[in-house]
Amino acid sequence: MASSSYKDSLKSLDTEEHIDLFFYRPIGYAWARLAKKLGVTPNAITIASIFLGIGAGIAFYFNELWINVIGMLLLVWANSFDSADGQLARMTKQYSPLGRILDGVSGDIWFFTIYLCICLRENVTSPFFMAHPWLIWLIAATAGLCHAKQAAMADYYRQFHLYFLKGEDGSELDSTDDLRAKYHQMPWKGNFWRKLVLYFYANYTANQEVMSPAMQTLRRELRQGFPDGRYPESFRHKFCRLSLPLMKYTNILSFNWRCIVLFISLFAGMPWLYFIFELTVLNALLVYMIVRHEKICRTLTLELRQGDYQK
């Protein structure tokens, strides 16, 4: 029973990263079970992870390796909480747009703090950046914008894969049109915070959709051909088969590999190297992932229009 419950707390083996499966998910599951017994909500765990991530970033400001190691441990702890909040939500069926936004924002806050503290550190410890103090801020700001795009698209492609793998209940895939319709229907009176959250979530989703035009064409074609949402199994299987090899890239663009490179750069005493990794390797992976997914969607859209998939 416990093993079954643990598997149920996972998104799917298709989208789980190996480091998560062997390290973060078991730890997160233990935190989630404890939180469930204590009546702690997923959002409360997410908020706790934000404070841990901020602590990690502050520790990276200091040019002392032992303090940096404390920061690394805090960041690992924060990510175990980030795993636990999703597992708890799946265990207790506590899903909400607020939870989705908090989950995404938490990582942004961690890395904003990390970027800020690395920039402050380099401006007082690196002779090169002390002579050119504006340069590290420019590099960090550009890397941060790229990070936001990378994380958003990795999340979007995972949700799209889960949508066809497990159905609507197993995915958190939304559409801007539906979210904005809910936003306009919801009165401000008595719903101020919910409406505000919905506004930002709709914009977040809109940014994901802008980056994936062929995927949006495929979604429109599916809605026209199968308005009840009951897509042919042959179509679902083919999409998942084509999408599965790309899931490893969504995982690389997420947390674990970022942290490995960040930790290596801290051990080397050159934390700015992490920004270079983000601007080069991770951006190249993002472009490759988008190109491949868009090609898959164009192929499947053409097949739908040719009538290759019937109810």
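I took contact to mean heavy atoms within 4.5 Å. The structure I consulted is a predicted model.

**Entry 1: Tyr24**

I looked up the surroundings of Tyr24, which has its place in helix H2 (residues 18-38). With neighbours within four places in sequence left aside, I found Tyr24 in contact with Ile19, Val76, Asn79, Ser80, Ser83, Gln87, Phe255 and Asn256. I then checked its accessibility: the relative accessible area of Tyr24 is 6%, so the residue is buried. I also noted a distance to Leu282, which lies 258 residues from Tyr24 along the chain; the two C-alpha atoms are separated by 22 Å.

**Entry 2: Helices H13 and H14**

Next I examined how helix H13 (residues 256-267) meets helix H14 (residues 273-305). Their axes come within 9 Å and cross at roughly 145°. I recorded the crossing of H13 and H14 as right-handed. On the H13 side I listed Trp257, Arg258, Val261, Leu262 and Ser265; these meet Leu273, Tyr274, Phe277, Glu278 and Leu282 in H14. Sorted by character, the residues of this contact are seven nonpolar, one polar and two charged.

**Entry 3: Cysteines**

How many disulfides does a search of the whole structure find? I found zero. I followed up two of the cysteines, with 2.5 Å between sulfur atoms as the limit for a disulfide. For Cys146, the closest cysteine sulfur is that of Cys119, 14 Å away, which is too far for a bond. For Cys259, the closest cysteine sulfur belongs to Cys117 and lies 15 Å away, again too far for a bond. I checked the accessibility of both residues. Cys146 has a relative accessible area of 16% and is buried. Cys259 counts as buried because its relative accessibility is 4%.

**Entry 4: Aromatic pairs**

I counted aromatic pairs, taking ring centres within 6.5 Å as the criterion. The count comes to 29 aromatic pairs.

Why is the pair of Phe111 and Tyr274 stacked? The ring centres are 6.3 Å apart and the planes stand at 20°; planes under 30 degrees apart count as stacked. This pair links distant parts of the chain, with Phe111 in helix H5 (residues 97-125) and Tyr274 in helix H14, 163 residues apart. I noted that Phe111 and Tyr274 are both buried. Tyr274 had already appeared among the H14 residues that meet H13.

I then turned to Phe164 and Phe239, an aromatic pair that is tilted, with 4.7 Å from centre to centre and 50° between the planes. Phe164 lies in helix H7 (residues 133-166) and Phe239 in helix H11 (residues 233-243), so the pair ties together parts that are 75 residues apart in sequence. Phe164 counts as buried at 2% relative accessibility, and Phe239 counts as buried at 1%.

I traced the ring pairs further and found a cluster that links Tyr156, Tyr157, Phe160, Tyr163, Phe164, Phe226, Tyr231, Phe235 and Phe239.

**Entry 5: Tyr163**

From that cluster I selected Tyr163, which is found in helix H7. Is Tyr163 buried or exposed? Its relative accessibility is 16%, so Tyr163 counts as buried. Apart from its neighbours within four places in sequence, Tyr163 is in contact with Glu168, Ser171, Leu173, Tyr231 and Arg236. Tyr231 is also one of the cluster residues. I closed with a distance to Pro187, which lies 24 residues from Tyr163 along the chain; their C-alpha atoms are separated by 30 Å.

Key
Residues are numbered from 1 along each chain as its sequence is written. This is a predicted model: local features need pLDDT of at least 70, side-chain atom pairs count only at pLDDT 80 or more; totals for chains, interfaces and linings use all residues. Side-chain values use heavy atoms; hydrogens and water are left out. Axes are lines fitted to C-alpha atoms, for helices over the stretch in contact, and angles run from 0 to 180 degrees between N-to-C directions. Helices (H or I, at least four residues) and strands (E, at least two) are DSSP runs, numbered from the N terminus. A crossing is left-handed if the near helix is turned anticlockwise from the far one by less than a right angle, and right-handed if clockwise. Ala, Val, Leu, Ile, Met, Phe, Trp, Tyr, Cys and Pro count as nonpolar, Asp, Glu, Lys and Arg as charged, and the others, Gly among them, as polar. Buried means under 20% relative accessible area, exposed over 50%, partly exposed in between (1.4 Å probe, protein chains only). Rings of Phe, Tyr and Trp (its six-membered ring) pair if their centres lie within 6.5 Å; planes under 30 degrees apart count as stacked, over 60 as edge-to-face and the rest as tilted.
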